[in-house]
Amino acid sequence: MKICIFSDLHIDFNGKKLGITFEEEFITFVKKKEADCILIAGDISNTVQVTLNFIDLVQNATGIPVYFIPGNHEVWADGEGESTVAIEELAKHPSCLIHHSIELTKEVVIVGDSGWYDYSFIEEMNLLEEDIKGFKDTNWDGRYTHLKLTDKEYLKECLIRIEEKLKQYESKQVILMNHFIPHEDFLIWKSDRFWNLCNAYMGSKKIGECIKRYKNVTHCIFGHTHKRFGCVEKDGCMYICTPLGYYGIEFFEQDLQVILEESCVILEV
Ligand SMILES: [Fe+2]
């Protein structure tokens with residue numbers, strides 16, 4: 001079985017910038033690849049409806065099942081608690097992995113959740129939580145997310161859901177997909193303090209620690225960072241980070257077929 005893996009497609013931004021219908025190009029690509037299954041690790045677009053329409057369109061046009069988890073961009077919102085409502089809306093879709101896992105074969109299960117961030121990556125900076133939150137409200141795209149819970153509480157909720165699923169499938173091989181960085185080795189540090197503070201919002205050490213406890217998690221797919229790490233083996237798990245990113249920022253190739261070829265990771269199970 002051939003699984004095509006993507007993340008951070010940002011179809012609205014890239015479609016507009018490139019002057020193309022992203023959906024058509026994507027359908028052409030996955031048909032060409034003869035994929036049996038498509039996994040997308042979040043940030044398909046900036047709105048719930050665009051993301052869900054994309055999932056439906058790709059599935060209907062190709063007959064290939066698509067599974068996804070929400071990223072932070074899908075749940076951008078203005079009002080208090082609206083991001084939580086957006087996550088709940090996305091989670092209702094049969095392709096979303098938050099409330100159900102996919103038994104791909106007799107041995108292999110795909111488990112997923114949005115994941116989130118908890119500032120644990122900048123613990124060593126010894127900042128007050130209020131200061132980190134204040135920075136989020138004024139300086140980072142996290143200001144567009146408005147959960148009902150705090151960031152730490154929501155990540156805790158995600159980890160509880162993930163652990164429940166991992167316990168359920170302890171006898172199977174698990175491919176785990178979440179949107180956020182699960183391990184500090186995938187962070188980028190610079191001499192710029194502003195940049196380094198952003199690592200608070202990149203993910204959580206706790207996601208990687210959870211993976212370490214479950215030896216049957218053979219693959220961990222994530223995105224969020226727009227740096228393409230590809231496939232990196234760590235502690236017996238293959239971490240897959242293959243974001244498309246933004247045209248004009250992370251990639252400059254105008255032919256989407258070329259850049260999809262570069263960013264798609266194929267996993268045979
Ligand atoms: Fe993201």
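## Exercises on sheets and helix packing

In strand β5, isoleucine 110 is the bridge partner of isoleucine 102. The model used in these exercises is predicted.

**Exercise 1.** State in which sense β4 and β5 pair, and place the two strands in their sheet.

*Solution.*
1. β4 pairs with β5 (residues 108-112) in the antiparallel sense, over two bridges.
2. The strands belong to an open sheet of six, ordered β4-β5-β6-β7-β9-β8, in which the pairing is mixed.
3. β4 (102-103) and β8 (230-234) are the edge strands, each with pairing on one side only.

**Exercise 2.** Describe how β8 is joined to β9, and find the residue in the turn that has a positive phi.

*Solution.*
1. β8 and β9 (residues 237-241) run antiparallel and are joined by five bridges.
2. One of the bridge partners can be named: glycine 230 is matched by cysteine 241 in β9.
3. Two residues lie between the strands of this hairpin.
4. Aspartate 235, in the turn, has the positive phi, about 50°.

**Exercise 3.** Give the strand order of the four-stranded sheet and the sense in which β2 and β3 run.

*Solution.*
1. The order is β3-β2-β1-β10; this sheet is open and its pairing is mixed.
2. Its edges are β3 (66-68) and β10 (265-268), each of which pairs on one side only.
3. On average, with direction ignored, neighbouring strands here are turned by 25° against each other.
4. β2 (residues 37-40) and β3 run parallel, with three bridges between them.
5. Across this pair, valine 66 in β3 stands opposite isoleucine 38.

**Exercise 4.** Classify the packing of α2 and α3, then sort the contact residues by character.

*Solution.*
1. Two packed helices are described by the angle between their axes and the distance between the axes.
2. For α2 (residues 22-33) and α3 (residues 48-62) the angle is about 45° and the axes are 10 Å apart.
3. Angles from 65 to 115 degrees count as roughly perpendicular and those under 35 as roughly parallel; α2 and α3 are therefore oblique to each other.
4. The crossing of α2 and α3 is right-handed.
5. From α2, the residues Glu23, Phe26, Ile27, Val30 and Lys31 meet Phe54, Leu57, Val58, Ala61 and Thr62 of α3.
6. By character, the contact of α2 with α3 holds seven nonpolar residues, one polar and two charged.

**Exercise 5.** Count the helices and strands of the protein, and judge its compactness from the radius of gyration.

*Solution.*
1. There are nine helices and ten strands in the protein.
2. The radius of gyration is 17 Å, and the globule rule gives 18 Å for 269 residues.
3. These values are close, so the protein is as compact as a globular protein of that length.
4. The C-alpha trace spans about 50 × 45 × 35 Å along the principal axes.

Conventions: Residues numbered from 1 in each chain as written. Predicted model: local features only at pLDDT ≥ 70, side-chain atom pairs only at ≥ 80, totals over all residues. Pairing = 2+ DSSP bridges. Axes fitted to C-alpha atoms, helices over the stretch in contact; angles between N-to-C directions. Parallel < 35°, antiparallel > 145°, perpendicular 65-115°, else oblique. Left-handed = near helix turned anticlockwise from the far one by under 90°. Contact = placed C-beta atoms within 7 Å. Nonpolar A, V, L, I, M, F, W, Y, C, P; charged D, E, K, R; others polar. Rg over C-alpha atoms; globule rule 2.2 N^0.38 Å.
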